[in-house]
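Let's take a walk through this one together, starting with a pocket and ending with some charged side chains. Have the viewer open as you read.

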Amino acid sequence: MTGNPSLATDAQPRTLTARSITRRRAAIVSLVLLVVILVLTVVGVSNGSFSIEPSRILATLFGQGERAEEFVLFRLRLPASVLGILVGAAFGVAGALFQTLLRNPLASPDIIGISGGASVAAAFGILILGVSGAMVSLLAFVGAVIVALAIYSLSYRGGITGMRFVLIGVGFAFMAQSVLGYLLSRGDVREASQALTWMVGGLGGADWQGIAVLAIALAVLLPLVAVLAPQLSMMQLGDDVAASLGVSVHRTRQGVLAVAVAMTAVAVAFAGPIAFVAFVSAPIARRLVGGGALALVPSALVGATVVLTADLLGTYLIPGASVPAGVITAIIGAPYLLWLIAASSRQSRAA
């Protein structure tokens, strides 16, 4: 039944050693990324027209700063950094879940139209209904969920296959762009400018109330990710193997999709559809960790790093002009998408 018993007993320690190495490497990568995020946060909150020395940041955080330092830190800069960390982590985890579950590197919420659905709903609210603030975030959340349900319903044929889900999602992404163009053509210049600013995505609208709602949402969703992660890891071996190991494939797939959509929706609702963060975070994290690991924690930390870096570059790259983080991530992500398509083409020809 088991072939050569000595080979089986030799293979088991090698497998355990490989897992141990991967876990150790994931821990090291996560620690390094945490340090990078801390450095980016300190740089972000200390620099600007009113500089705060890094040594004064800690004192101000503990209530020993001057009134001007407290205003700049707590009202202007720290909310943006905290929001960047939270939305970056949410996009990173959501992208990792989509790409792993659908086994397709293009399966990112901004590629398959879920972020586009949020943008359409937000633009409809701003340009047609005349709403602003929290109502725009709520509409964006609802738009993302509706588009995700539509993609799921249309791609379901006794189950979900990655390619069909992605192709239908890409179709929805194009439809969203068309609807956005129509909505923008109907609004006046000021409203269209407001909608365009939101649709690009950035950290300019950060406030503690929104951050609290986002943090609560992630506090609910991240434990669900932790529960589903072991089953998702087994599904990487194939549906039949996962089912033979006791995984309820259909129920796990629905649960992972629901959590990934919810994480995308809450992130888009509070920072707009910051392009390509979900798309690039998981591949970068997997390459850093190696071993084909799911790498959810490194993916979240890479997402936070990308958003904070983009926000800093957007703030200081062009003197006198502030560029939204979404523009910077699009500049970074577009070449990666082209490289991915070219690499896939080479692999197809080689096969």
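Which element gives the most to the lining of the second largest pocket? Keep in mind as you look that this is a predicted model. The answer is α8, which puts 8 residues into that lining. Helix α8 runs over residues 208-235, and α1 (5-46), α3 (67-102) and α12 (296-316) also give two or more residues each.

So much for who builds the walls; now the space itself. The second largest pocket has a volume of about 920 Å³, and its lining counts 32 residues. If you want to centre your view on the pocket, pick Thr22, Ser233, Ala293, Leu294 and Ala295, the lining residues that lie nearest its centre. As for chemistry, the lining splits into 23 nonpolar residues, 7 polar ones and 2 charged ones.

Now for the charges. Side chains of opposite charge can pair when their charged atoms come close. Here the structure holds 3 salt bridges.

Take Arg56 and Glu69 to begin with: their closest N and O atoms sit 3.0 Å apart. Arg56 belongs to helix α2 (residues 54-61) and Glu69 to helix α3, so this salt bridge ties together parts that are 13 residues apart in sequence. Are the two partners buried or exposed? Arg56 is partly exposed, at a relative accessible area of 27%. Glu69, on the other hand, counts as buried because its relative accessibility is 8%, and the cut-off for buried is under 20%.

The other pairs share a residue, Asp239. Its side chain meets that of Arg103 in a salt bridge, at 3.0 Å from N to O. Arg103 lies in the loop between α3 and α4 (114-129), while Asp239 is in helix α9 (residues 239-244), so the pair ties together parts that are 136 residues apart in sequence. Asp239 also forms a salt bridge with Arg253, again with 3.0 Å from N to O. That link joins distant parts of the chain too, running from helix α9 to Arg253 in helix α10 (residues 249-271), 14 residues apart.

Put those pairs together and you get a network of salt bridges that links Arg103, Asp239 and Arg253. How do its members sit relative to the surface, and which of them is buried? Arg253 is buried, with a relative accessible area of 9%. Asp239 counts as partly exposed at 26% relative accessibility, and Arg103 is partly exposed as well, with 46%.

Technical notes:
Residues are numbered from 1 along each chain as its sequence is written. This is a predicted model: local features need pLDDT of at least 70, side-chain atom pairs count only at pLDDT 80 or more; totals for chains, interfaces and linings use all residues. Side-chain values use heavy atoms; hydrogens and water are left out. On a 1 Å grid over the protein atoms alone, a cavity is a set of points where a 1.4 Å probe fits but cannot get out, and a pocket is an open set with protein on both sides within 12 Å along at least five of seven lines; lining residues have an atom within 4 Å of a point. Grid points are joined across faces, edges and corners, and a volume is the space filled by probe spheres set on the points. Helices (H or I, at least four residues) and strands (E, at least two) are DSSP runs, numbered from the N terminus. Ala, Val, Leu, Ile, Met, Phe, Trp, Tyr, Cys and Pro count as nonpolar, Asp, Glu, Lys and Arg as charged, and the others, Gly among them, as polar. A salt bridge is a side-chain nitrogen of Lys or Arg within 4 Å of a carboxyl oxygen of Asp or Glu. Buried means under 20% relative accessible area, exposed over 50%, partly exposed in between (1.4 Å probe, protein chains only).
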